[in-house]
Structure formats: C-alpha cells, structure tokens
Number of protein chains: 2
Amino acid sequence: MKYSKQREIILRALEMNVIHPTADELYKLIIKDFPNIGLATVYRNLNLLAEKGIIKKIYGLDDAAHFDHNTHNHHHFICTKCNKIYDIPYDIASDIADNVWKKTGFTIEKTELSFHGICKNCQTKN
Amino acid sequence: MKYSKQREIILRALEMNVIHPTADELYKLIIKDFPNIGLATVYRNLNLLAEKGIIKKIYGLDDAAHFDHNTHNHHHFICTKCNKIYDIPYDIASDIADNVWKKTGFTIEKTELSFHGICKNCQTKN
DNA sequence: TCCTAAACTGATAATGATTATCATTACTAA
DNA sequence: TTAGTAATGATAATCATTATCAGTTTAGGA
C-alpha cells in the first residue's frame with residue numbers, strides 16, 4: 001500500500017465525521033474542498049482502508065454500506081424516524097461470538113449486530 | 001391485500017427451501033414450474049409478505065437481501081467459504097434487545113445479528 | 001538526482017440488485 | 001355480471017458499487 005494524498009483526505013474526512021457516512025455521502029462532503037477527487041477513488045480507498053482494518057465497513061443498516069472510523073468493537077442502532085446512526089457499546093453482548101462458537105463449532109470472523117427502532121430524541125418529539 | 005395465485009406460489013416455494021434464497025434465486029426456482037411469472041412480481045410479493053410479517057427479509061449477509069420463511073426469532077451465520085447460510089438459535093442472546101433498551105432508552109423494533117466465519121463442514125475439509 | 005515498476009487516480013462504462021411505470025388481467029364484493 | 005381495485009408481466013429506470021483504462025504519482029534503487 002503506497003501513500004496517496006487522496007487516501008489521506010478520505011481518511012481525515014471520515015475521522016472528522018461521526019455520522020457513519022456512506023461512500024457517496026463522504027464523496028459529497030469531500031468535493032466541497034477537493035473538487036477533483038473521483039467517486040471511484042472514494043469507494044476504492046474506503047474499501048481498501050476497511051480491508052486493512054483501519055476503518056470499519058458497516059452493512060445491514062440500509063441498502064448502502066456505511067463507514068466508521070471507530071474500529072473498536074461496537075454495534076449500531078439506526079433510528080427509523082430520523083435515520084441517525086448511533087453507536088451501541090460492545091459490552092451489551094461481549095460474549096456472543098464465543099457463545100455461537102461453543103454452540104455450533106463455527107469459527108466466527110465477524111459479528112455484526114444492528115438494531116432498528118426509535119431513538120430517545122424521536123420518542124419525546126411527537 | 002387481495003389473493004393472488006403468484007403470491008401463493010412464491011410463498012410455497014420459499015417454504016419448501018431452507019436455503020434463505022434471494023429474490024432472484026427464488027425467481028429462478030419458480031420459473032421452472034411457472035415460466036410466466038415475472039421477476040418484478042417475485043420482488044413485489046416477497047417485500048409485501050415481509051412487510052406483513054409473514055416472512056422475514058434478511059439484510060447484511062451479502063449485497064443482496066435474502067428471505068426466510070422462518071419468522072421465529074433467530075439469527076444467521078454465513079460461511080465465507082461455502083456461502084451457506086445457517087440459522088443461529090435466538091437464545092444465544094435472548095436479552096440483547098432488552099439490554100440495549102435499558103442502556104440507551106431506544107425502542108428496539110428489530111434486532112439483526114449476523115455472523116460471518118467458517119462453518120464446521122468447511123473447517124474439516126480445510 | 002533520475003528512472004522505472006508498481007500503485008494510484010479520475011472519468012466513465014458496466015454491472016447487479018431493486019424499484020417504478022404502465023397497459024393489461026384477475027379477484028372480489030355488491 | 002359488473003365495476004372497482006389490487007396484482008401482474010414486461011421492461012425501463014434507478015441506485016450503489018465495481019471494472020476498465022489511459023494517464024499520473026510514489027518509492028526505492030542506480
């Protein structure tokens with residue numbers, strides 16, 4: 001993996017945003033400051049960074065993949081009203097992968113927990 | 001919701017298959033016996049049935065949505081070698097949604113746990 | 001410093017999954 | 001039987017993502 005200015009920019013942009021953006025959302029943020037960057041470059045680098053474990057790729061929240069600079073073990077909640085994505089602490093179910101292994105004998109490489117519902121903020125409104 | 005022969009066929013085809021098919025996979029199975037059915041009809045009805053809670057739509061296993069006639073609470077494991085999808089019993093983490101609610105105050109409507117790894121069968125093959 | 005190979009880029013075409021459109025058909029309640 | 005509406009099949013459109021490719025940048029020697 002060779003250094004590239006674009007990758008640097010993409011990683012910084014992701015780190016500055018706690019909104020778990022999709023590749024396209026991040027692209028739209030970045031072109032404001034770097035109008036020459038290509039959409040494919042954003043996709044490419046996000047995937048590369050996720051492969052290397054430098055960032056996280058989150059599936060299953062909606063139809064698009066989201067990216068997260070927080071690589072610590074944690075899960076996600078998406079509010080079906082405001083569509084905001086929240087982090088859920090890992091210790092909510094820290095032994096779950098181990099349980100699955102004990103019960104099934106399957107080797108677990110990745111555990112993805114996603115919760116859908118109404119966040120506290122949207123509950124009080126309305 | 002009005003009766004339709006196609007919906008009946010789609011539901012039966014899903015019930016007969018434990019393979020958690022995608023809409024397209026199910027379509028390819030069905031046209032063998034019902035060559036006139038349209039792909040859009042399969043998508044439409046699977047989504048409709050999932051909305052009504054008659055079947056389950058599973059996200060996050062791979063890029064396509066899979067469907068499951070088993071509506072009992074349970075989770076899924078996908079083997080990264082053979083791509084087979086296995087059911088994981090619910091009691092592996094039966095209190096997890098409750099835990100999230102207690103910790104965050106968020107109302108949980110849907111909990112989706114998906115595990116990726118190597119199944120027992122593929123482990124022994126090597 | 002200069003040179004080359006490999007990695008990276010931007011633009012865009014291609015893909016794959018899914019949804020929208022629309023004219024036609026099938027169900028159902030009166 | 002009929003009218004109203006939901007459903008259908010064919011296909012165009014969309015959306016997210018990946019592949020392609022010619023030109024550019026980077027990095028590690030000579």
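This is a guided tour of a predicted model with protein and DNA strands, to be followed in a viewer.

Before selecting anything, note that residues are numbered from 1 along each chain as its sequence is written, and that chains are lettered from A and ligands numbered from 1 in the order in which they are written. Because the model is predicted, local features need pLDDT of at least 70 and side-chain atom pairs count only at pLDDT 80 or more, while totals for chains, interfaces and linings use all residues, and side-chain values use heavy atoms, with hydrogens and water left out.

**Chain A as a whole**

Select chain A and colour it by secondary structure: it comes to five helices and five strands, where helices (H or I, at least four residues) and strands (E, at least two) are DSSP runs numbered from the N terminus. Read along the sequence, the pattern is α-α-α-β-β-β-β-α-β-α, and the C-alpha atoms fill a box of roughly 50 × 45 × 20 Å, taken along the principal axes. Of the 126 residues in chain A, 41% are buried; here buried means under 20% relative accessible area, exposed over 50% and partly exposed in between, with a 1.4 Å probe and protein chains only.

**Strand 3 and its partners**

Next select residues 74-79 of chain A, which are strand 3; six of the six are buried, so this strand is largely enclosed by the rest of the structure. Turn the view to see both faces covered, with His74(A), His76(A) and Ile78(A) on one side and His75(A), Phe77(A) and Cys79(A) on the other.

Add residues 85-89 of chain A, which are strand 4: the two strands run antiparallel and are joined by five bridges, pairing being called when DSSP finds at least two bridges between two strands. Strands 3 and 4 of chain A form a hairpin with five residues between them, and Asn83(A) in the turn has a positive phi of about 65 degrees. Then add strand 5 of chain A, residues 107-118, which pairs with strand 3 in the parallel sense over four bridges. Phe77(A) makes a useful centre for this view, as it stands opposite Tyr86(A) in strand 4 and opposite Phe115(A) in strand 5.

Stay in strand 4 of chain A and pick Ile88(A), which counts as buried because its relative accessibility is 0%. Leaving aside neighbours within four places in sequence, the contacts of Ile88(A) include His75(A), Phe77(A) and Phe115(A), together with Val100(B) and Thr104(B) from chain B; contact means heavy atoms within 4.5 Å.

**Helices 1 and 2 of chain A**

Now move to helix 2 of chain A, residues 23-30, and show the side chains of Ala23(A), Leu26(A), Tyr27(A) and Ile30(A), which are buried. They cover an arc of only 105 degrees around the axis, which puts them on the same side of helix 2, the arc being that of the directions from the helix axis to the C-beta atoms. What covers these buried residues includes helix 1 (5-15), helix 3 and strand 2 (66-68) of chain A. In helix 1 of chain A the buried residues include Ile9(A), Ile10(A), Leu11(A) and Leu14(A), and the buried residues of this helix pack against helix 2, helix 3 and strand 2.

**DNA strand C**

Select DNA strand C and the residues around it: there are 20, the closest being Ser4(A), Gln6(A), Thr41(A), Arg44(A) and Ala65(B), where near means that a heavy atom of the residue lies within 4 Å. Sugar and phosphate account for 71% of the atoms of DNA strand C that come within 4 Å of the protein. A base nitrogen of DNA strand C is 2.8 Å from an N or O atom in the side chain of Arg44(A), and a side-chain N or O atom of Gln6(A) is 2.7 Å from a sugar or linking oxygen.

**DNA strand D**

Finish with DNA strand D, which 21 residues surround, among them Ala65(A), Lys2(B) and Arg44(B). Helix 3 of chain A gives the most to the surface near DNA strand D, with five residues. A polar side-chain atom of Tyr43(A) lies 2.9 Å from a phosphate oxygen of DNA strand D, whereas from chain B a phosphate oxygen is reached by a polar backbone atom of Gly38(B) at 3.1 Å and by an N or O atom in the side chain of Asn45(B) at 3.1 Å.

Terms used
Polar contact = N/O pair within 3.5 Å; in protein donor to acceptor, adjacent residues only side chain to side chain.
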